[in-house]
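Biologist: I'm new to reading structures, and I'd like a close look at just one part of this one. Could you pick a good strand, walk me along it, and show me what surrounds it?

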Amino acid sequence: MSQASLSDAIYDALAAVQSEGTLYADLSGRLRWIIGETALQTPLLAWQFLGDVPERFFLAADETRDVSVQFDLYTDRVDGASAHDAIRQKARALLDRVTLTASGFTQVQCWIDDYGASPVAEGDAYRTTMTGTLLAQ
């Protein structure tokens with residue numbers, strides 16, 4: 001069981017449907033697990049695990065581990081704050097209170113704990129941060 005399998009599960013949930021009008025299409029497929037430097041090309045939804053999460057960990061059959069995760073959404077400022085919020089709504093719908101399928105885990109629940117504040121202007125982009133918890137078993 002590893003961070004990589006949890007990240008793959010997040011990606012799979014976000015990219016499950018790729019037709020026009022979906023989150024994947026709105027982001028032009030730019031879904032990234034941040035493990036080192038990432039060039040900022042908008043739009044982009046990136047995630048990272050927070051706190052002390054080992055690369056590999058082992059759970060007893062009835063043990064659950066909470067893993068904190070941060071999601072950062074970047075969109076082009078020229079598209080406006082309402083377009084940014086529409087994409088954020090789609091991301092939340094795909095991540096909040098859903099069961100993810102992750103290799104090596106019997107069950108992973110994803111919860112969005114903090115939906116974030118209004119978009120913040122950063123250069124040519126808008127950014128919001130959502131935080132969540134993965135309940136991994």
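Modeller: Sure, and let's begin with how far to trust the picture, since this is a predicted model. Confidence in the chain is lowest in strand 6, with a mean of 92, and highest in strand 4, at 97. Over the chain, pLDDT averages 89, and 88% of the residues score at least 70.

The part I'd pick is strand 7, which covers residues 125-136. Which strands does strand 7 pair with in the antiparallel sense? Strand 3, residues 65-76, is one of them, and 12 bridges link the two. To find one end of that pairing, look for Arg65, which sits opposite Ala136 of strand 7. Strand 5, residues 108-114, also runs antiparallel to strand 7, with six bridges between them. Here you can use Ile112 as a landmark, as it faces Gly132 in strand 7. Then there's strand 6, made of residues 120-122, which is joined to strand 7 by three bridges, again antiparallel. Glu122 has Ala125 of strand 7 as its bridge partner. Strand 6 and strand 7 make a hairpin, with two residues between them. One residue in that turn is Gly123, whose phi is positive, at about 65°.

Now let's zoom in on two residues of the strand. Start with Thr128, which lies in strand 7. Is Thr128 buried or exposed? Its relative accessibility is 3%, so Thr128 counts as buried, the cut-off being under 20%. The Thr128 side chain makes a polar contact of 3.0 Å with the side chain of His84. If you skip its neighbours within four places in sequence, the residues touching Thr128 include Phe71, Asp72 and Leu73, as well as His84 and Arg88. Ala117, Ser118 and Pro119 are also in contact with Thr128.

Next comes Met130, also found in strand 7. Met130 has a relative accessible area of 2%, so this residue is buried too. What does Met130 touch, leaving aside neighbours within four places in sequence? Its contacts include Val69, Gln70 and Phe71, and also Ile112, Asp114 and Tyr115. Arg88, Ala91 and Arg92 touch Met130 as well. Here's a fun one to find in the viewer: Met130 and Trp47 are 83 residues apart along the chain, but 9.3 Å separates their C-alpha atoms.

Let's step back from the strand to the core. In soluble globular proteins, nonpolar side chains tend to be buried together. In this model, the largest nonpolar core has 31 residues, and the members touching the most others are Ile10, Leu45, Phe71, Leu100 and Leu134. Strand 7 is among the elements that supply at least two residues each, as are strand 2 (44-49), strand 3, strand 4 (98-100) and strand 5. Helix 1 (3-15), helix 2 and helix 3 each give at least two as well. The largest share comes from helix 1, with six residues. For a feel of how these parts meet, follow Ile10: beyond residues up to four places away in sequence, Ile10 touches Trp47, Phe49, Val69 and Phe71, along with Leu95, Leu100 and Leu134.

Remember Arg92, one of the residues touching Met130? Follow that side chain and you get to some charged pairs. Side chains of opposite charge can pair when their charged atoms come close. The structure has five salt bridges. Arg92 makes one with Asp96, at 4.0 Å from N to O. Arg92 itself is partly exposed, at 32% relative accessible area. Asp96 also forms a salt bridge with Arg97, where the closest N and O atoms are 3.9 Å apart. Asp96 is buried, at 17%, while Arg97 is exposed, at 60%. Through shared partners, Arg92, Asp96 and Arg97 become one network.

One last pair to look up is Lys90 and Asp26, whose side chains form a salt bridge of 2.5 Å, N to O. Lys90 belongs to helix 3 (residues 81-95) and Asp26 to helix 2 (residues 23-26), so their salt bridge ties together parts that are 64 residues apart in sequence. Both ends are partly exposed, with Lys90 at 27% and Asp26 at 26%.

How values were computed
Residues are numbered from 1 along each chain as its sequence is written. This is a predicted model: local features need pLDDT of at least 70, side-chain atom pairs count only at pLDDT 80 or more; totals for chains, interfaces and linings use all residues. Side-chain values use heavy atoms; hydrogens and water are left out. Two strands pair if DSSP finds at least two bridges between them. Helices (H or I, at least four residues) and strands (E, at least two) are DSSP runs, numbered from the N terminus. Buried means under 20% relative accessible area, exposed over 50%, partly exposed in between (1.4 Å probe, protein chains only). A polar contact is a pair of N or O atoms within 3.5 Å; within protein, one must be able to donate a hydrogen and the other to accept it, and residues adjacent in sequence count only if both atoms are side-chain atoms. Contact means heavy atoms within 4.5 Å. A nonpolar core is a set of buried Ala, Val, Leu, Ile, Met, Phe, Trp, Tyr and Cys residues joined through side-chain atoms within 4.5 Å. pLDDT is the predictor's confidence in each residue, from 0 to 100.
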